[in-house]
Amino acid sequence: MAVNRVPVLKRCRSLDLDPTYLGYDKKSTRSAKRNNRKMSEYGEQMREKQKAKFIYGVLETPFRNYYNKAERQIGGTVGENLMILLERRLDNVIFRLGFARTRHEARQIVDHRHVLVNGKCVNIPSYEIKPGDVVSIKEGLKDTQRYKDIAAVTGSRLVPEWLDSDKDNFTGTVRQLPTREMIDVPVDEMAIVELYSK
């Protein structure tokens with residue numbers, strides 16, 4: 001699998017993105033070096049796509065597949081459908097519920113078979129969550145030091161209204177599918193649609 005080894009804060013600087021959207025509390029004191037040239041329309045569209053891919057940890061081919069699936073969906077705009085599909089990924093839901101400090105850690109937790117969906121172990125980060133699904137951490141792992149540390153860091157984090165989270169028991173329920181208004185990701189999805197429709 002491809003691994004992006006560019007430091008997170010450096011990548012955030014280049015994309016003009018706040019690291020808190022990835023779960024990092026650090027702030028970079030440096031500023032991105034930019035020439036005084038105005039970015040082209042294509043450049044801005046490309047940056048929005050790179051931003052969405054970076055936030056959700058998705059590579060180009062799976063991202064294109066999400067876009068094609070969003071295009072085929074009935075109802076809603078293509079851009080909104082794309083953002084909702086990305087938000088429904090299991091690793092993102094684990095991060096949103098507060099069971100991981102960062103999106104990268106959420107992916108690792110799923111990969112390491114720590115997560116149950118409706119009582120069954122799921123180790124696919126891109127697994128698509130549905131309304132009514134119950135997501136939890138395996139019983140034997142909840143009392144480990146790792147999850148105590150996670151609870152200490154994420155205890156005050158707000159959980160989106162489309163999810164219910166019981167952080168003490170590391171259990172969450174998907175109340176409904178998210179709408180675009182419920183997704184606080186600073187991405188202009190219309191720029192991505194314009195890029196792909198060229």
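Q: What counts as a helix or a strand here?
A: Helices are DSSP runs of at least four residues (H or I) and strands are runs of at least two (E), numbered from the N terminus. In this predicted model, the elements run α-α-α-α-α-α-β-β-β-α-β-β-α from the N terminus on. That comes to 8 helices and 5 strands.

Q: Why is F170 called buried?
A: Buried means under 20% relative accessible area. F170 has 4%, so F170 is buried. You will find F170 in the loop between β4 and β5. F170 also has a positive phi of about 50 degrees, although F170 is not a glycine.

Q: Why does R113 count as partly exposed?
A: Partly exposed lies between the buried cut-off, under 20%, and the exposed one, over 50%. R113 has 42% relative accessibility, so R113 counts as partly exposed. Look for R113 in the loop between α6 (103-111) and β1 (115-117).

Q: What makes E44 partly exposed?
A: The same two cut-offs apply: under 20% is buried and over 50% is exposed. E44 has 39% relative accessibility, and therefore counts as partly exposed. E44 lies in helix α2 (residues 41-56), and joins E41, D188 and E194 in a patch of negative charge on the surface.

Q: How do you know that K167 has no salt bridge?
A: A salt bridge needs a side-chain nitrogen of Lys or Arg within 4 Å of a carboxyl oxygen of Asp or Glu. For buried K167, the nearest side chain of opposite charge, D168, is 9.1 Å away, and K167 has no salt bridge.

Q: What does the side chain of K167 reach?
A: The side chain of K167 reaches the backbone oxygen of R157 at 2.7 Å.

Definitions and conventions
Residues numbered from 1 in each chain as written. Predicted model: local features only at pLDDT ≥ 70, side-chain atom pairs only at ≥ 80, totals over all residues. Heavy atoms only, no water. Patch = residues over 30% accessible without salt bridge, like charges linked within 9 Å, V, L, I, M, F, W, Y side chains within 5 Å. Areas by Shrake-Rupley, 256 points an atom, 1.4 Å probe, with all protein chains shown as cover. Lys, Arg positive; Asp, Glu negative; His and termini not counted. Charge placed at Lys NZ, Arg CZ, Asp CG, Glu CD. Buried < 20%, exposed > 50% of the residue type's maximum accessible area, 1.4 Å probe, protein only. Polar contact = N/O pair within 3.5 Å; in protein donor to acceptor, adjacent residues only side chain to side chain.
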